[in-house]
Amino acid sequence: MASIAGFGSYLPARVVTNAELAAQLDCKPEWILEVSGIEERRYAASDEDVVAMGVAAARNCLDRAQCPAADIRLLIVSSASSPQRFPGPAAAIAAQLGLGETPAIDIPVASAGSLFGLALASHLAASGGPVLVVATEKMSQAIELLPDQRNTAILFGDGAGACLVREGAGLLRIAGRELGSDGTFASDLRLPLAGPVEMNGRSVIMQATRKIPRAILAVLERSGVPPADVQAFVMHQANQNLMDRVAKGVGAPADRFYSNIRRYGNTSSASMLIAAAEWWTGAALSPGAPVCFAAFGAGFHWGAILAITE
Amino acid sequence: MNNQDRIAQILKAVSQNPELPGADESLFDGGYLDSFALPEVVAALEKEFGIKIPDSDLNPRKFETINKIEQYVGARQ
């Protein structure tokens, strides 16, 4: 069975407060906090792209896992904000990490990308060796800071996360997965080639508040784990109000849902792994504790992964 | 109580605001409901009317006004 052997993250230095955004978006800072739970987010520098952030998160992960880059047998990179249609950032990140001709693939499925990457890695690590999953997003390039775009512009930030998955013992053993996709409402959340992000917030919320709890409950039920026994939920940091609704839908205490959205905003696919890297640093769980990862995003794609501390 | 009255009760309970908009007025544009209230409304409709609202019907336009909700619920009963 595959395990997560380490997490890593990278966040750009520039902090963008609600006060700074509110001035450009013709709204109040308090309104931003009320509707999103976000106080500030990070924006990458103009010369800092998804490759640079992805490499930084990957190195942080490999350092923390004490894993030489040469051991990696597959790199999976999730990014929905890469500036070009092809190639995606995977090959460039692999090159900068010194992975030689190690295969490197892109999965541009936006917010659920790191969850899908983790699920794929947990399958592939058993037969192919260690898999490094990187999620890297420069969402500040996918928004427009204009008053008529405020509903989406307030949400997003930049950053990258990573995790290492390999066969055998690690930090967390992957115990179950539940993934889903439904293109019925594909146009309700998308980033056209010319940008900016287009989002039908009501549709996204209606689908997410049903599909995320359903996926979590499905993966828990298959493993015979009651929701109340899950010690931590680490999910895509989309919106604090959404995370609170998911907690209610699952029937678990809201304080078991790790949240850093107040400081980083929604970093699309990077958010779950950034959150995981922070959460794990402060986690003090006994062996055998169930932990649940979950995400939902454009497509729609969604899912949940159950892991057990080792 | 007719369907519209039952829907009105649900909306008032979710929004905690007794001043309902007109039957053809948007529940959202004037701020009567916010986006996060809509899933609660849908769950309450399922319970009140004994219907199952599939994911494929979770189009916010179907729940934009009291009249639209009434039409939808009537068709599902």
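So, the domains of chain A: the assignment splits this chain into domain 1, residues 2–167, and domain 2, residues 172–309. Keep in mind that this is a predicted model. The C-alpha centres of the two domains of chain A sit 16 Å apart. As for the contact between them, 48 residues of domain 1 of chain A meet 44 residues of domain 2 of chain A.

Which elements build the domain 1 side of that contact? In chain A, at least two residues each come from β1 (2–10), β3 (40–43), α5 (113–128), β6, α6 (150–153) and β7 (158–167). Helix α5(A) gives the largest share there, with 7 residues. If you sort that side of domain 1 of chain A by class, you get 22 nonpolar, 19 polar and 7 charged residues.

Okay, on to the sheet. Chain A has an open sheet of 9 strands, with mixed pairing, and the order reads β5-β4-β6-β7-β1-β8-β13-β12-β11. At the edges of the sheet in chain A we have β5 (104–106) and β11 (232–235); each has a single partner strand, so one side of each has no neighbour in the sheet. Going from one strand to the next, the twist averages 25°.

Let me zoom in on the β11 edge. Strand β11(A) is joined by 4 bridges to β12 of chain A, residues 290–297, and the two run parallel. If you want a spot to click on, Met235(A) is opposite Ala294(A) in β12(A).

And what packs on the sheet? That's helix α4 of chain A, residues 90–97, which touches β4 (74–78), β5 and β6 (131–138) of chain A. The direction of α4(A) makes about 145° with that of β5(A).

Now for chain B. Here we're looking at 3 helices and 0 strands, so to speak an α-α-α run from the N terminus on. Its radius of gyration is 11 Å, close to the 11 Å the globule rule gives for 77 residues, so chain B is as compact as a globular protein of that length. The C-alpha trace of chain B spans about 25 × 25 × 20 Å along its principal axes. Of the 77 residues in chain B, 19% are buried. Among contacts in chain B with a separation of 6 or more, 56% are between residues 24 or more positions apart.

Last bit: how many residues does each chain bring to the contact between A and B? Chain B brings 10 residues and chain A brings 11 residues. On the chain B side, that's 6 nonpolar, 3 polar and 1 charged.

Methods
Residues numbered from 1 in each chain as written. Chains lettered and ligands numbered in written order. Predicted model: local features only at pLDDT ≥ 70, side-chain atom pairs only at ≥ 80, totals over all residues. Contact = placed C-beta atoms within 7 Å. Nonpolar A, V, L, I, M, F, W, Y, C, P; charged D, E, K, R; others polar. Pairing = 2+ DSSP bridges. Axes fitted to C-alpha atoms, helices over the stretch in contact; angles between N-to-C directions. Domains from an automatic or database assignment. Rg over C-alpha atoms; globule rule 2.2 N^0.38 Å. Buried ≥ 20, exposed ≤ 12 C-beta atoms within 10 Å, placed from the backbone.
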